[in-house]
Structures are given as structure tokens and as C-alpha cells.
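Got your viewer open? Here is a walk through the model, one selection at a time.

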Amino acid sequence: STYKLPLNMYYYEQQAKGVYSGSTSVGGTSLDNAHYLSLVWSDNDVSEAMIYHLGSFYTYKTLMNDYYGQLSASELDSRYWEGNYYSTRFMIKTLYQLYSRMDEFWEMIGYMVEACPGDYLQRYSGNTVVAHKEGYFEGHIHDVGITFADSPFLIAVFTRDLPSDEDAYEVIGRLNAAFISYQTLAVRRQA
């Protein structure tokens, strides 16, 4: 479901350009509601309708790389074109654009903060705000996001074949917590 991050960014950008409006019908609902369902509730039916509203699957994947990943053909794994496969490199580049243009994506970031409260990257974040888009598919548990620590950072954690789902949630949450601690100490040392 991390694929919903660049997908929603693209639609928000197209809305800002006037190509679509919040009332545009996508997947039997308004685009405004589709953003909410896709980002907060990770609704697959609505998100897939958003993909095919753009045209073919190939068109969607081309747009996502052209706008966000900006990876060369040699940097894209062949699986990129076969399904909703994205690399951590692609996601970090996407998150960088989201972070550097937050004023354009304020609603999206709010939805990302609201999603899966207290779990994944937010599990051990304490009072640190985390805007994230989680993903779960056949034992592969991922999360990507912006952690608004004393010195904000981008993070993408993809897990695979851990003994249990709980182990994956722990790895994701504890890794983010470790980075928060590190950033907090680094900022204090600079002060």
C-alpha cells in the first residue's frame, strides 16, 4: 500500500493544476473522499480505481517514475513494471518532494498523520509527529514517512519474511525511535 503515496501526490498536483477537482468521480466516490479513503484507510478498491482512472497500468507507472522516483531504466528493478513494486530509494525520493513542498500537500500530510495511529513508524514515536503510509502484503510489511523530530527526517523501512507480523511492526517502530533519539541528541550537541 505504500504505492498510494506517489499516487495521491500525483492527484493532488493535478487538482492544483485544475485537471481534476475534489468532486471528480473516481471509484464511485469524489476525489476528495478517495484521498481520505486511500491514505487513512488504505482502501485498495478506491486506490486501484485511481490508478486506472489515469489510463493503463503502464501509464500509471510511467507517471509515478517521471514525477517522483525519477530513476533511470538501470535503477528500476524489472518488477517495477509488473506490479505495485517500489524500492526504498524511490520512496525516499518521493518523500523528499512531499517534505520540500509541504505547503502544497498539507491535507495529504494530515491524512498520513491520522493513518494507523500509534503503529508502524508511530509505534514508539512518543510526542514526535510522524506522517506515514504503511503497507502490508503477504508477509511483507513496510512503512515510509516523514518524522518531524527536532531535526525532521525521511524514513523508508521495508521488511520481508520476519518470523511474525509483530516482529515487523517492532522493527519498524524501534528503528524510527532510534533515529528520533539520534536526531534529538545531534540537535542538543549542536546547541
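A word you'll need at every stop: a residue is buried when its relative accessible area is under 20%, exposed when it is over 50%, and partly exposed in between, using a 1.4 Å probe and protein chains only. This is a predicted model, where local features need pLDDT of at least 70 and side-chain atom pairs count only at pLDDT 80 or more, while totals for chains, interfaces and linings use all residues. Residues are numbered from 1 along each chain as its sequence is written, and side-chain values use heavy atoms, with hydrogens and water left out.

**The whole chain**

Start with everything shown as a cartoon. The protein chain has seven helices and five strands, and these run α-β-β-α-α-α-α-α-β-β-β-α along the sequence. Both are DSSP runs numbered from the N terminus: helices are H or I with at least four residues, strands are E with at least two.

How does the radius of gyration of the protein chain agree with that of a compact globule? A compact globule of 191 residues would come out near 16 Å and this chain has 17 Å, which agrees. (That radius is taken over C-alpha atoms, and the globule rule is 2.2 Å times the number of residues to the power 0.38.) Turn the C-alpha trace along its principal axes and you'll see a span of about 50 × 35 × 30 Å.

Now switch on the surface. The accessible surface is about 9400 Å², with 51% of it belonging to carbon and sulfur atoms; the areas come from the Shrake-Rupley method with a 1.4 Å probe, and for residues only the protein chains shown count as cover. Buried residues account for 48% of the 191. Contact here means heavy atoms within 4.5 Å, and among contacts between residues at least 6 apart in sequence, 56% join residues at least 24 apart.

**Helix α2**

Select residues 31–39, which make up helix α2. L31, A34, H35, L37, S38 and L39 are its buried residues. Show the surroundings too: the cover over them includes α1 (4–17), β1 (25–26), β2 (29–30), α3 (44–53), α6 (106–114) and β3 (129–137).

Zoom in on A34, which sits in this helix. A34 is buried, with a relative accessible area of 0%. Leaving aside neighbours within four places in sequence, A34 touches T29, V46 and M50. For a ruler check, try A34 to T24: they are ten residues apart in sequence, and 9.7 Å apart C-alpha to C-alpha.

**K61**

Next, select K61 in helix α4 (residues 57–69). Which side chain of opposite charge is nearest to K61? That is D77, 9.8 Å away; K61 is buried yet has no salt bridge. A salt bridge here is a side-chain nitrogen of Lys or Arg within 4 Å of a carboxyl oxygen of Asp or Glu. Apart from neighbours within four places in sequence, the contacts of K61 are Y80, W81, G83, N84, Y85 and Y86.

**Charges and salt bridges**

Colour by charge. You'll find 13 positive and 23 negative side chains, and the centres of the two sets lie 8 Å apart. Lys and Arg count as positive and Asp and Glu as negative, leaving out His and the chain ends; each charge is placed at NZ of Lys, CZ of Arg, CG of Asp or CD of Glu.

The whole structure holds ten salt bridges. Three pairs to pick out:

- E75 and R89 have their closest N and O atoms 3.0 Å apart. E75 lies in the loop between α4 and α5 (88–100) and R89 in helix α5, so the pair ties together parts that are 14 residues apart in sequence. E75 is partly exposed at 36% relative accessible area, and R89 is partly exposed at 49%.
- D77 pairs with R79, at 3.3 Å between the closest N and O atoms. D77 is partly exposed at 39%, as is R79 at 41%.
- D119 meets R123 at 3.1 Å, N to O. Select E166, E170 and R174 as well, since D119, R123 and these residues are linked in a network of salt bridges.

**Two backbone stops**

Finish with Q70, in the loop between α4 and α5. Its phi is near 50°, a positive value in a residue other than glycine, and Q70 is partly exposed at 47% relative accessibility. Then go to C116, in the loop between α6 and β3. C116 has a phi near 45°, a positive value in a residue other than glycine, and is partly exposed at 25%.
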